[in-house]
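Trainee: Could you take me through one part of this model in close detail? I'd like the local geometry spelled out, cut-offs included.

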Amino acid sequence: MLQKPKCRFGTSLLLVALLSACGSAIVNPVSGQAERSVMSEQMELTEGAKAHQEVLQEYGVVKDARLQAYVNNLGQRLAKQSHREQLPWHFTVLDSPEINAFALPGGYVYVTRGIMAYLQNEAELAGVIGHEIGHVTARHGAQRATRQQDAGLGVLAASVLGAVLESRGMSGAGRLASEFSQTVASGYIASYSRDQELQADTLGAEYLARTAYDPRNMVNVINSLKSQERFAADQARAEGRAAPASGSWLSSHPSNDQRLQQISQQATQLKGQYADDGRARYLQAIAGMAYGESADQGVTRGQNFYHADMGIAITAPTGWKIQNEASQLALVNAARDAALMIQVAPPTAGSTHDEVIRNLLKPSQGRTERLNINGLQATRFVGSRTTNQGQQSIDATLVTGPRGTVFVMVPAGKNAAALQQARAGLAQAQGSFRAMTAPDRTAARPWTLRTTAYPAGGFAQLAQRSPLPQAEAQLRLINGFYGGGAPGVGQLVKVVE
C-alpha cells in the first residue's frame, strides 16, 4: 500500500544478547517437558513488546474502536483457556487487505481485516486466533530461535521477524537478501515445522472447545481460505496468467489432507456442549469494515489509482496492472517485464527536489531537467552513482504533490530491451500523474462490507448493484459459497458497497 514512509523491520529486532547465549532449560507450558531455550519468558515479553510497536507502524491498525474491542474480547476469552493465561495478551486488527494472521512472542496476536472478510462467524475467527495463541503457548518462536542457534546461523529474532515476514509472503531468501544479508547467513529464515503447525491446530481446537465453540469451525476456516486461493487461480487463468503464489494465511500454515484429517479427528474427540457460532454478532462487528484497500493505503479502481490523503491520482495504460504494496506503487506492463515504480521520499531526504536527489539518490554525476506534469512541479534526473559493484545508472523523476509530498518515479525493466519496449507506456503512465479532480475524489471512495437479506434472485441479483469486479463470484466467495450452493432467502449475507 502506498504510504508515507514508516519504520522498517531491522536491527532493532535482533536478539543480540542471544548470539553468545548457551541457553538454559525451560519447562514448556504445553508439554510439561524441560527444553533448552535461548529465550526466557521475560525475553519473549521484551522482544514481543518491541516488535509490536514496529508491527503497528508497518501495517497500521483498523481505526474502529468497536471492532478492536470485539476481537480483543474474543481473544482474551480464548487466552484465559490457554496454557499461558498469565501472559499480558494483546489482540489487534491490522489495516491490511492481506489474508493473514500471525503472532509474536509474549502474547501479541494479529488478524488482518482481509482475513476477517472471508470468515463467516465468530467461531471461525476464534479458530484463527486460537491457532495463533497455540504458537505462543507452545513457545514455537523460542524453539525457532534456539534451532537457528543450534544450526550455527547466528540468532535472528526469527520468533519475531520470521512470523511477520512469513505472514506477508516474504520468507524467501531473495526478498530478504537486500535488507538482512548482514544478519542472516544465506538469507535463511526458519519457518514453523509441520509438527509445530499441527500442534498449533490441536491447541487451537482445544481452546475453542474450552471456550464453548465447536472445534470443527477450524476446518471451515481452511476450506474458506482454500476457496479464496481457487478464486485467485481462476482469475489468473481467465487473464492468461499463471496462478499467483499464495500470500495468505495458508501459505505459512500449509493445508493438506493430513492436517484436515487431524483437525476433524480432534474435533470428534473434543465432546462438549457448544454455544452458537456467533454469526449474528460477527456480522454486526464487521459491518462498515473496509473491504480491499482502505483510504489510508490508497485505492485501485480499474486502471486508476487514487490516494485521497495525499491528493494524487495516476492512470495505468490499457492492459497494465496496478500493484499497491506497502512500500511502493507499481504500474506493471502486460508482459510483466517492465514497470513504473513510485515511492514517497522520506522526510529525512529533504523537501526540495535537489535535496532529495542528493540525499536519497546519492549520485556521483548526472544532469537535471525541470518539468511540469499536469501543473505539478517535477524534476527528471539522469546520471549514475558509485556502488560496491561499480557504476549504477539512475533515471528518476521527482514530483511534488499538491500537499507537499515528494514522489519518486523510476522506470524499471527486466533488461534493456524490455525497458525500451515499454517506453511509450511508461511515459503515458508518468504523464497521467495528477492532483485529484472532483471525479477522482468520487471514485476514490473505499469499499465497505455491509449485510443484507439474501434475495430470491440470489447472488446474481446482489451482483447487479455491487461495485466489485466479477461481482457474483466475489460475493459467493466472501459468503462461503464459491464452490456452489446458496443461503436461504432472507438469511443475512455480506455485500460490498
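Mentor: Happy to! Let's start at Arg139, which sits in the loop that links helix 4 (122-137) to helix 5 (140-150); helices (H or I, at least four residues) and strands (E, at least two) are DSSP runs, numbered from the N terminus. Please keep in mind that this is a predicted model, where local features need pLDDT of at least 70, side-chain atom pairs count only at pLDDT 80 or more, and totals for chains, interfaces and linings use all residues. Residues are numbered from 1 along each chain as its sequence is written, and side-chain values use heavy atoms, with hydrogens and water left out.

The backbone of Arg139 deserves your attention: its phi is near 60 degrees, a positive value in a residue other than glycine. Arg139 is also buried, at a relative accessible area of 2% (buried means under 20%, exposed over 50%, partly exposed in between, with a 1.4 Å probe and protein chains only).

For a companion case, look at Ala212, in the loop between helix 8 (194-210) and helix 9 (217-238). Here phi is near 70 degrees, again a positive value in a residue other than glycine. Ala212 has a relative accessible area of 24%, so it counts as partly exposed. Put side by side, Arg139 is buried, whereas Ala212 is partly exposed. Each of the two belongs to a loop between helices: helix 4 and helix 5 flank the loop of Arg139, while helix 8 and helix 9 flank that of Ala212.
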